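Biologist: I should like a close look at a single part of this model, namely the pairs of charged side chains that hold to one another. Please set the remaining contacts beside them in one connected account.

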Amino acid sequence: MKKILIIIAIVIAVAAGIYFYKGGSATVAAKDNSVLAYVPADTVLFTGSVTPISFEEAMAMSHKLGLDPSTFVDMQDDDFELGPDSPDAARMGLGLYAKYMKSFADKTTVKTLGITEAPNAAFYTVGALPVMRIELDGSDTFAKLIEQIETEQNIAAEVKNMDGIEFREYAFSNDPSVPYSLIISSHDNQAVMTVNTPLSDDKDIKVALNKPEKSIAETGRLTDMMAKNDYLGHSLFFIDNLAVMKGLTNPKANSFGVMVNDLLVANGAEGSLADMQTPACAAEFTALTANWPTMSGGYTEFSANEANFKFMLEGANADLLKSLQGLRGHLSENLNNDDYVMSFGMGFDMDQMVPVITDVWQRLTETPYECPPLAEMQAGLKQQNPMMLGMMTGMVAGIKGIGFGIIEMDIAGLEQASNNPMAVADSMQMIVTLSAEKPKDLLMTLSSFAPQFAQMELKDGGDAISLQDQIGMPASIALRGHDLVMLMGADAISQLPSVKSNDDLSSNGLFSMSMNFGKYMELISTVMNDMDANSEMAQDQKAMFDKLKEVDGTIKGTLDITNEGVVSETSFKAK
């Protein structure tokens, strides 16, 4: 869709503002959150907050970063038009989206939508039913907004009542044989949106509109997750992998399994999961999933200039985690430069690749499975021999990591790349690092394919040697401790004095990335300028990226395996 990049920009703008504002205290108990009182304790998916963040403060910080969403929003009425045969649910969804987007123009989002100044919302499941719930500001603004959208979109809602709670229903299809609909209700100073299904109302809508017998706020689950992973109290997320698997393999195991089974029956698909619902399958699938029981995420750092978001795939098998940690390699500090346009690093200990894969292979093949799908998977694995990898990894023995970075770029020069491919080499400065136990040995290995490398006499800490004759473009190679460093580009050799000696080859991760946000967006803006300048899409995108390139900050990301599981962290730091 032509507005998709604008939507992305607004998400970035709001997220960036949230990054920079620490709203409330993480010590506030979940039991004091009115929205959490409606989230069932056994929900298998959740995203929301214990301590919501002020929208006004978040947006104020977005503006300080040069990310003013109203700059990107230039919506016309025809952007929100649907065909005459569109179902009511689609019209209502688009109508709500239109009101939300247009509210950015005058920076009054929370006021025009009728929600609280610090938006308190949660998305979760009731059984298998998706539910979105948000706290209102005590006025009738939201209810009037829904009625206004119905009028503008020519929607005739079906108004119903369940246990004294009124709700409005909008069909997802004009075909009456499709018994699904969108439900919107406002009750107890909260708005709720969910889906009606073929099940009788007391099995889905009733539990979605009312408080559960036991809420997540009463369990301490969120605060325990915060304490365990150092999450702050806002923008929390989790998926209960183990509960999902238990529900799929045993329909009676939890409310998620009960509803999935009821929905399959109601849709004429009874027994479609029978292959994985035998006692053997239930036990074996559950045992496998128990190794990785939960995925979760949350902010771990908020300050005036820096924020960090952490994603965790929890690992419960200590022996398996210890084995997988053998894959961790070395991410060179020579790529950790905030002035680079961008950089990427991959850390893999090639000497441990075969042992780790063999260990995992043995874990999956030694214990016989009775469950047919797992037994079939196991039979396929047994036909593969992980030791064959040894032949491929032998030539790269000793390598601990590789990295690539764009140091600088000449935007004007890059614009000539389509006519002159060498303009890339002339317009960019790049760095490539290869970290190894004995980096000189790698040159000897390479010389078997390119004999000229055998003549190179690299000295640790010495001058770089030109590779112009070998690769046909300006490039040099130097040795700095455990790093072989290649500098590419006409002016790249000027960076050599800043390249450090890598004397510590310790394992420190699997993946890293860094991006100078403003410089990167300047590159994207230049690419967009090559589009048809007369098209509406091109004009929208140009305005967006011209604004984004003003942001002065660095985005960094890492991926690692720790004693707790697989961990990904993303940070934003303003300069």
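Modeller: The account below begins with the salt bridges and then turns to the disulfide, one helix pair and one loop residue. The model is a predicted one, and side-chain atom pairs were counted only at pLDDT 80 or more.

The count of salt bridges comes to 15. Two of the pairs have Lys400 as a partner. In one, Asp349 and Lys400 form a salt bridge whose closest N and O atoms are 3.0 Å apart. Asp349 belongs to the loop between strand E11 (342–347) and helix H13 (350–366), while Lys400 belongs to strand E12 (residues 399–409), so this pair ties together parts that are 51 residues apart in sequence. Asp349 has a relative accessibility of 10% and counts as buried. Lys400, at 11%, likewise counts as buried. The cut-off behind that word is 20% relative accessible area, and buried means under it.

In the other pair, the side chain of Lys400 meets that of Asp351 in a salt bridge, at 3.8 Å from N to O. This distance falls under the rule because a salt bridge requires the side-chain nitrogen to be within 4 Å of a carboxyl oxygen. Here Asp351 lies in helix H13 and Lys400 in strand E12, so the pair ties together parts that are 49 residues apart in sequence. Asp351 has a relative accessibility of 37% and counts as partly exposed. Elsewhere, salt bridges with shared partners join Glu158, Lys160 and Glu169 into one network. Within this network, Lys160 and Glu169 form a salt bridge, with their closest N and O atoms 2.7 Å apart. Lys160 counts as partly exposed at 29% relative accessibility, whereas Glu169 counts as buried at 12%.

A covalent link comes next. One disulfide is found in a search of the whole structure. It is formed by Cys281 and Cys371, with the sulfur atoms 1.9 Å apart. The torsion about the S-S bond of Cys281 and Cys371 is about 90°, so the disulfide is right-handed. The link joins distant parts of the chain, since Cys281 is in helix H11 (residues 279–289) and Cys371 is in the loop between H13 and helix H14 (372–382), 90 residues apart. Both Cys281 and Cys371 are buried.

The helix pair is made up of H4 (residues 88–102) and H6 (residues 141–152), which pack at an angle of about 120° with their axes 10 Å apart. The crossing of H4 and H6 is right-handed. From H4, the residues Met92, Gly95, Leu96 and Lys99 take part, and they meet Leu145, Ile146, Gln148, Ile149, Glu150 and Glu152 of H6. By residue class, the contact of H4 with H6 comprises five nonpolar, two polar and three charged residues.

The loop residue is Tyr180, placed between strand E5 (165–171) and strand E6 (181–187). Tyr180 has a relative accessible area of 25% and is partly exposed. From C-alpha to C-alpha, Tyr180 and Pro198 are 6.7 Å apart in space, although they are 18 residues apart in sequence. When residues up to four places away in sequence are not counted, Tyr180 touches Ala171, Phe172, Val195, Asn196, Thr197, Pro198, Leu263 and Asn267.

Methods: Residues are numbered from 1 along each chain as its sequence is written. This is a predicted model: local features need pLDDT of at least 70, side-chain atom pairs count only at pLDDT 80 or more; totals for chains, interfaces and linings use all residues. Side-chain values use heavy atoms; hydrogens and water are left out. Buried means under 20% relative accessible area, exposed over 50%, partly exposed in between (1.4 Å probe, protein chains only). Helices (H or I, at least four residues) and strands (E, at least two) are DSSP runs, numbered from the N terminus. A disulfide is a pair of cysteine sulfur atoms within 2.5 Å. Axes are lines fitted to C-alpha atoms, for helices over the stretch in contact, and angles run from 0 to 180 degrees between N-to-C directions. A crossing is left-handed if the near helix is turned anticlockwise from the far one by less than a right angle, and right-handed if clockwise. Contact means heavy atoms within 4.5 Å. Ala, Val, Leu, Ile, Met, Phe, Trp, Tyr, Cys and Pro count as nonpolar, Asp, Glu, Lys and Arg as charged, and the others, Gly among them, as polar.
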